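Subject: The model I promised you

Hello,

Here is the structure we talked about, ready for you to open in your viewer. My notes follow below.

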Protein chains: 2
Amino acid sequence: MDQVVCLRCMICGREYDPENVPYTCPSCGPEGILDVIYDYSLIARRFTKERLLSNRDLSIWRYLELLPLEPKKLRLPLHVGWTPLYQAEELGRDVGCPHLLVKDDGRNPTASFKDRASSIGVAKAIELGHQAITCASTGNAASSLSGVSASVGLRSFIFVPHNAPKAKVAQLLMYGAKVFLVQGTYDQAFDLCLEASREFGWYSRNTAFNPYLSEGKKTGALEICEQLGWRAPDTVFVSVGDGCIIGGLWKGFHDLLQLGFIDHMPRLVGVQAEGCQPIKHAFETCQAVKTVQPETMADSIAVGHPRDALKALRALRDSDGFMVAVSDQQILDAMGLLARKTGIFGEPAGVTGFAGLLKALSQERVDPSERVVVVVTGNGLKDVDSALRASPEPTEIEPSLEAVARELRGRS
Amino acid sequence: MDQVVCLRCMICGREYDPENVPYTCPSCGPEGILDVIYDYSLIARRFTKERLLSNRDLSIWRYLELLPLEPKKLRLPLHVGWTPLYQAEELGRDVGCPHLLVKDDGRNPTASFKDRASSIGVAKAIELGHQAITCASTGNAASSLSGVSASVGLRSFIFVPHNAPKAKVAQLLMYGAKVFLVQGTYDQAFDLCLEASREFGWYSRNTAFNPYLSEGKKTGALEICEQLGWRAPDTVFVSVGDGCIIGGLWKGFHDLLQLGFIDHMPRLVGVQAEGCQPIKHAFETCQAVKTVQPETMADSIAVGHPRDALKALRALRDSDGFMVAVSDQQILDAMGLLARKTGIFGEPAGVTGFAGLLKALSQERVDPSERVVVVVTGNGLKDVDSALRASPEPTEIEPSLEAVARELRGRS
């Protein structure tokens, strides 16, 4: 892993040898999340546009030289990444953003962006010789981890609060995860998971706590640029919960900028729900992140105590970006508009980035000349109840042509 | 469309100019479904392995020369096809079929194999100048049609029986389809859809009735062979409802055999639920297909009156294949085993092909030396209730390490 120089604490800046450091900074504790620092001059010799052009592996593993893994070790079988980046011209014209592109990450194996991070977590667990992996989560991170683990025969132990949605628990169980329904809050489940990880020697795939996960998420940015012929977009909109995705996207663009593959850093715009906007508040007030009680139906971003805030805030500041907050109704409206105009069906948190774009357009914070990428982070089939709330009522008719004709007349 | 010689009736063999024939044989009526007949010597000049090698369009449109469309017309934006074909070695060894491969078609845009057919239907509707398209269905065909239509701004009118599952209706509504809940059976909805199609000039995407849909489904077979380096598998297992998928797969293998791309026709094995096996019965007794009352929770193959039986039976006979029937419990068991061992989460009908393989192995109808492909036709997120039925209960614990340890001791 000579491409990695060190792991650097996001708080105190101390640097550590990856071989000899636990998950977070020994000096700053669990809040001292670590950033992976690369040797770009070494990477530049191994990783070129020409080699990529002849690389037929259309998955995140095409970027192996830019990932914090031993290149010789196992690649995982599930096909993660290289999700479609659609030109959404008609929708773009309708909303006043004609150069609109949509990256559909609901097309990943377990139907969310999280598969990018889970793949790195699982690959790392195998590299380090672990027999089992664990995380605390109520949603996509957990189902993603259990699915990717299943594909390589790694045991997974998942901690979820006992009131977790049954549907998401079902997906975990199907993949064969050992699921602990913790009689307590999500925060208690998280703490218990860290404790169990230490006690039983399971590898920890906990957002932010594990420094490598955002490195998996950066592959989304690498793909966007390669799919655009190495012309970086002007602006990227994405939903924000823990902050790991926006932080990861920044890292991907940063890497490409260091390597000279692109010529500018896109402006990164994070979108939170109005009922849960701790990162927006911290960013705009320049204060520390305050824990809030989340109130939004977009469950994947209902994160009151965001664990990856430092990387998210760096992404926003370095890219000259900003934060937007949208209401649950705006999320539901965006969900319907996106599906009707593009055929892309996202879950509420999955389309929150698009809802944020609509709001930013209405506030004239985006210029129509900009090339904008919206990242859809999860598939709508993950949350059918919200889809029903966002939909009109269907029409019930008797089985006759006359009834169809009557209904059509009423419609026009 | 000079690559198409004619459309030939599957009953009487009469041949028709595609420009001058309605959907089915004028002489045999709606039962006289039509087969697309190609000019393979013409196609062989345009469609070569070498050209495919340099074609970077990894979707069904890479096979445009083999599809019944005007090549110059619009290609659709949604990325359909080129779904992963996984080597499932560990699972294969466990079940006594070491050369096992799994094609995961739940990775399509609307999460089922049906997107292959809908894409052809929608492309054809646009080619013929229609403003709207229609179908009757309770499940994946409908959501697929509405999603693909949404991506190109084509209006879709969907007829479903009034007791259709709410979740599937939600997906339709999200994509902006006009949904008619017909107060009657599925058969009444089907007949009303055909009537409305004639009356209002909507293009009909009804399975079998429209001769082009199985041509879309054949792309699954084309991909399997190309992904295997043009070495056709020995045997393919797939679930059977209307019979359109197995008929389409046969057509794809047949095309490649005619073009000399592969050297043998794989044996095609169709799998139905024990509570709904009209095609198995017709195949084994050599009698006409008898309509049955479906009794299975695998809703996508709960088809009592299969519309594409003629093409399915041809596929079985010509390929020296056979039919298997499995119980609902066997389907649920197969669903869990596949997810746990490979990370592929299929809906019940989606994994019925795999359940059939397990049964055929137990009956020694498959030799361990065979290279077997199982096609997973739909994503498990389409039917979370069945996943819950197939899953063990999760473990509820108090938030303490001691509780975790106690639970783990009990487990081992």
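Before the first site, a word on contacts: two residues are in contact if their C-beta atoms, placed from the backbone, lie within 7 Å. Please also keep in mind that this is a predicted model.

**M10 of chain A**

On that criterion, and leaving aside residues up to four places away in sequence, M10(A) touches G32(A), I33(A), L34(A), D35(A), L310(A) and K311(A). You will find M10(A) in the loop between strand 1 (4–9) and strand 2 (15–16) of chain A. Is this loop residue buried or exposed? M10(A) is buried, because 22 other C-beta atoms lie within 10 Å and 20 or more are needed for that label. If you want a distance to check, the C-alpha atoms of M10(A) and A221(A) are separated by 21 Å, with their positions 211 residues apart along the chain.

**Helix 12 of chain A**

Two of the residues that M10(A) touches, L310(A) and K311(A), are also among the buried residues of helix 12 of chain A. This helix spans residues 309–318, and seven of its ten residues are buried, so the rest of the structure largely encloses it. The buried ones are A309(A), L310(A), K311(A), A312(A), L313(A), A315(A) and L316(A). Their cover includes helix 8 (213–217), helix 10 (244–258), strand 11 (267–273), helix 11 (278–285) and strand 12 (322–326), which belong to chain A. After the helix comes D320(A), with a positive phi near 60 degrees.

In chain B, I looked at strands 11 and 12. Strand 11 (residues 267–273) and strand 12 of chain B run parallel and are joined by five bridges, with Q272(B) standing opposite A325(B). Strand 12 (residues 322–326) of chain B is mostly covered, with four of its five residues buried.

**Where the chains meet**

How many residues of chain B are in contact with chain A? There are 61, and they meet 61 residues of chain A. Elements giving two or more residues to this side of chain B include helix 5 (140–152), helix 7 (186–200), helix 13 (328–342) and helix 16 (401–411). Helix 6 of chain B gives the largest share, seven residues. By type, that side of chain B has 34 nonpolar, 17 polar and ten charged residues.

Strands pair across the interface too: strand 14 (residues 395–397) of chain A and strand 8 of chain B run parallel, joined by three bridges. T395(A) stands opposite F180(B) there.

As for symmetry, chain B superposes on chain A by a rotation of 180 degrees with 0.0 Å of shift along the axis, at an RMSD of 0.0 Å. That is the relation of a two-fold axis. Both copies use the same surface, since 100% of the contact residues of chain B recur in chain A.

**Helix 6 of chain A**

Helix 6 of chain A (residues 166–174) has seven of its nine residues buried, so it is largely enclosed by the rest of the structure. Those residues are K168(A), V169(A), A170(A), Q171(A), L172(A), L173(A) and M174(A). What do the buried residues of this helix pack against? Within chain A, their partners are helix 5 (140–152), strand 7 (155–161) and strand 8 (178–182), and chain B adds its helix 13 and helix 15. Just after the helix, G176(A) takes a positive phi of about 85 degrees.

Enjoy looking around, and do write back with your thoughts.

Best wishes

How values were computed: Residues are numbered from 1 along each chain as its sequence is written. Chains are lettered from A and ligands numbered from 1 in the order in which they are written. This is a predicted model: local features need pLDDT of at least 70, side-chain atom pairs count only at pLDDT 80 or more; totals for chains, interfaces and linings use all residues. A residue is buried if 20 or more other C-beta atoms lie within 10 Å of its own, exposed if 12 or fewer, and partly exposed in between; C-beta atoms are placed from the backbone. Two strands pair if DSSP finds at least two bridges between them. Ala, Val, Leu, Ile, Met, Phe, Trp, Tyr, Cys and Pro count as nonpolar, Asp, Glu, Lys and Arg as charged, and the others, Gly among them, as polar. Copies are superposed by least squares on the C-alpha atoms of residues with pLDDT of at least 70 in both.
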